Structures are given as structure tokens and as C-alpha cells.
Amino acid sequence: MSRILTAEHIRKSFGNHTVLKDINLNVEKGDVVSILGPSGTGKTTFLRCLNYLEQPDSGKLTIDDVSVDFSKISKDEVKRLRRKSTMVFQQFNLFRNKNVLENITEGLIYGYGKSASEAKDIAMEELKRVHMEDYAKMYPSELSGGMQQRVGIARALAPRPDVILFDEPTSALDPELVGEVLDTIAEVATLGITMIIVTHEMHFAREVSSKVVFMSDGLVVEEGTPEDLFTHPKEEKTQQFLQRMLKRDEH
């Protein structure tokens, strides 16, 4: 395995509130990493720091061949870093005034310099991958939440990023739509694309991940294989969290 992402000593505060205290994470190429933890513990903030949607106060990050020091990052480095990963958002973040196809081609044309015809070919290929090619001409308002999120996944795949970041991709969905999105992500996981997923879906994290990270109070408390973490968690905080979540899933 070769290392694709290294985050070192990532710190982030909002005013007097320190959200990320000292986060370190290593991700190998092709890993599917699930980040678990209580709400308000900094999981989403950490994810957003990885592609500079949030500006960390300090720390270092390497994705593939781009290395940055957040305490002295240049505009050019921000641009290069952002091209290394894409994000699938909780609330889909699709352009309401663009159809499904345009939601994917816009970024490819204006962000990655693709020609219109090349962008369309890539977009249709990725829509096909998430079983949405028949909806290319429809607008987000005509789609269910699950369909919109599958378009979001196609959009994240289209630039062929080194890493795809998923920020609780099912949390805004009605319960009956969660399965179709999780199935789509599981299919994407088989492509060998590196993925980091913030999720509350315990069963999914256990089945699909190659590595699970448990965060609490702005720190990584424990990490390991799904088997390690779900069957033999070492830390008391991890044990309590999993007991609570797995009990919830039984109801």
C-alpha cells in the first residue's frame, strides 16, 4: 500500500472554542475510512479542513504530491490542495437552476478546463455509474433526496480526485432513501478510490470500511480495522459510544 494522505497536528478553533485539538490521520491509497463519533466532536470540521473549506489554525497536510503547512499556506497551494479531493455534502449542494448533467459539467469545464464535449462524456459515464443517466435533463427539484445525493456522488467522481470526502451523506435523507445512497457508496468503494466518510451508519461503516476512526472532543481517540473497533474497542469512550449507537440501531 502507498500513503495517499497524511494529516499532522491539525488544529482549529472558532473564537474561544477549540474544535480540533490535535488531529493526526494516515490514509493509504484505496482505503475507505469511516470517521465515527458523537455530534459536535469536530468530524465535519476536520473533513472540511482537508480540502480547505475550513481554514485550520495550524498543522500539515499531504495529499498525493501536494504538501501544505496551514500556518503559512499560499493561494496557489490552496488551489492545488483543493484539486486533490472532492466533497459529497450532507445537503447535496446542487445548483437548483442547472439540470443534473450541468451540475456535473460546470465544475469540469470551469474548474478543470475540460471541453464541453469531454465534460459531457465524463458526466454521463459517472451518472451511469450511480444509475442516474436517465435523469440527466431533470432538475434537482424533480428528484428525491436520494437521487440528488447520487448526483452529488457522480459530481464528486467526475474530476477523478485522489480522495473523495463524504460529510454524513445520508443524514438529510428520509429513512427509506438511506439504503440506495449507501449502496451507491459501497459500489464506489469497489473501484479502489480512496474515501473518507463521516457517518452515523454503524452497520455500513463496519461492512464497507477498511479502517475506522473514532473521534471525541476534538481528538482521535482510537482507530483500527472495523473488526478491531467494533468487536474489541480498547477505549472506554469508544465502548460507550458504540453501545449507545448499536442499541439505537436495534430499535
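This is a short chat about reading a sheet and a pair of helices in a predicted model.

Author: Residues count from 1 along each chain as its sequence is written. Since the model is predicted, local features need pLDDT of at least 70 and side-chain atom pairs count only at pLDDT 80 or more, while totals for chains, interfaces and linings use all residues, and side-chain values use heavy atoms, leaving out hydrogens and water.

Reader: In what order do the four strands of the open sheet sit?

Author: Strands in a sheet pair through backbone hydrogen bonds, parallel or antiparallel. Here the order is 2-1-4-5, with antiparallel pairing. (Strands are DSSP E runs of at least two residues, helices are H or I runs of at least four, both numbered from the N terminus; two strands pair if DSSP finds at least two bridges between them.)

Reader: Which strands stand at the edges?

Author: Strand 2 (17-28) and strand 5 (66-69): each has a single partner strand, so one side of each lacks a neighbour in the sheet. Strand 5 pairs with strand 4 (residues 58-63) over four bridges, and Leu 61 sits opposite Val 68 of strand 5.

Reader: How do helix 3 and helix 5 cross?

Author: Fit a line to the C-alpha atoms, for helices over the stretch in contact, and take the angle between N-to-C directions, from 0 to 180 degrees. The axes of helix 3 (residues 100-112) and helix 5 (residues 145-157) come within 9 Å and cross at roughly 25°. That makes helix 3 roughly parallel to helix 5 (under 35 degrees; over 145 is roughly antiparallel, 65 to 115 roughly perpendicular, the rest oblique).

Reader: Which residues make the contact?

Author: Contact means heavy atoms within 4.5 Å. Val 100, Asn 103 and Ile 104 of helix 3 meet Val 151, Ala 154 and Arg 155 of helix 5.
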